[in-house]
Amino acid sequence: HSWHDDADAKMQKLHEVAESFHRKHGRYPTFWLDKVCIDQTNITDGLKVLPVNVMACSKVLVLCGETYPERLWCAWELF
């Protein structure tokens, strides 16, 4: 994600996605959020296992704000 985009709007959308999933499947989805799941004081080690985490996902949700596609790392994450 981009820190420059509206955090409240992204949180609202994430909430909507979770509630929609819950209505359809009777349970809430599991999310892997890089900022929470990678130790921000040791990002290098977290990035080493990033491919394992990505491969374990069946879907990817991108909460794309206005600045997201302007950031090289964000654009790279999509591929």
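No disulfides are counted in this predicted model. A disulfide is a covalent bond between the sulfur atoms of two cysteines. Here the sulfur of Cys37 has its closest cysteine sulfur in Cys57, 9.5 Å away, which is too far for a bond because a disulfide requires the two sulfur atoms to lie within 2.5 Å. Cys57 is accordingly in no disulfide. Both cysteines can be placed on the scale of accessibility: Cys37 is partly exposed, at 42% relative accessibility, and Cys57 is also partly exposed, with a relative accessible area of 35%.

Turning to the overall fold, the protein contains 5 helices and 0 strands, so that its pattern along the sequence reads α-α-α-α-α. Of its 79 residues, 14% count as buried. Among contacts with a separation of 6 or more, 50% come from residues 24 or more positions apart.

How confident is the prediction, and where does it vary? The mean pLDDT of the protein is 85, with 89% of the residues reaching 70 or more. Among the elements, helix H1 has the highest mean pLDDT, 95, while helix H5 (residues 72–77) has the lowest, 68.

The surface comes next. The protein exposes about 6,600 Å², and carbon and sulfur atoms supply 60% of that area. Phe31, Leu33, Val36 and Leu61 together make a nonpolar surface patch of about 360 Å². One of these residues, Leu33, sits in the loop between helix H1 (7–25) and helix H2 (34–37). With 40% relative accessibility, Leu33 counts as partly exposed.

Charged side chains add a further feature. Side chains of opposite charge can pair when their charged atoms come close. The structure holds 2 salt bridges. One joins Glu16 to Lys13, whose closest N and O atoms are 3.1 Å apart. Both residues belong to helix H1, where a spacing of 3 residues amounts to about one turn of the helix. Glu16 is partly exposed, at a relative accessible area of 37%, and Lys13 is partly exposed as well, at 41%.

The other salt bridge links Lys48 with Asp45, and its closest N and O atoms are 3.3 Å apart. These two residues lie in helix H3 (residues 43–48), and because they are 3 residues apart, about one helical turn separates them. Which of the two labels, exposed or partly exposed, applies to each partner? Lys48 counts as exposed, at 60% relative accessibility, whereas Asp45, at 38%, counts as partly exposed.

How values were computed
Residues numbered from 1 in each chain as written. Predicted model: local features only at pLDDT ≥ 70, side-chain atom pairs only at ≥ 80, totals over all residues. Heavy atoms only, no water. Helix = DSSP H or I, 4+ residues; strand = E, 2+ residues; numbered from the N terminus. Buried < 20%, exposed > 50% of the residue type's maximum accessible area, 1.4 Å probe, protein only. Contact = heavy atoms within 4.5 Å. Areas by Shrake-Rupley, 256 points an atom, 1.4 Å probe, with all protein chains shown as cover. Patch = residues over 30% accessible without salt bridge, like charges linked within 9 Å, V, L, I, M, F, W, Y side chains within 5 Å. Salt bridge = Lys/Arg side-chain N within 4 Å of Asp/Glu carboxyl O. pLDDT = per-residue confidence, 0-100.
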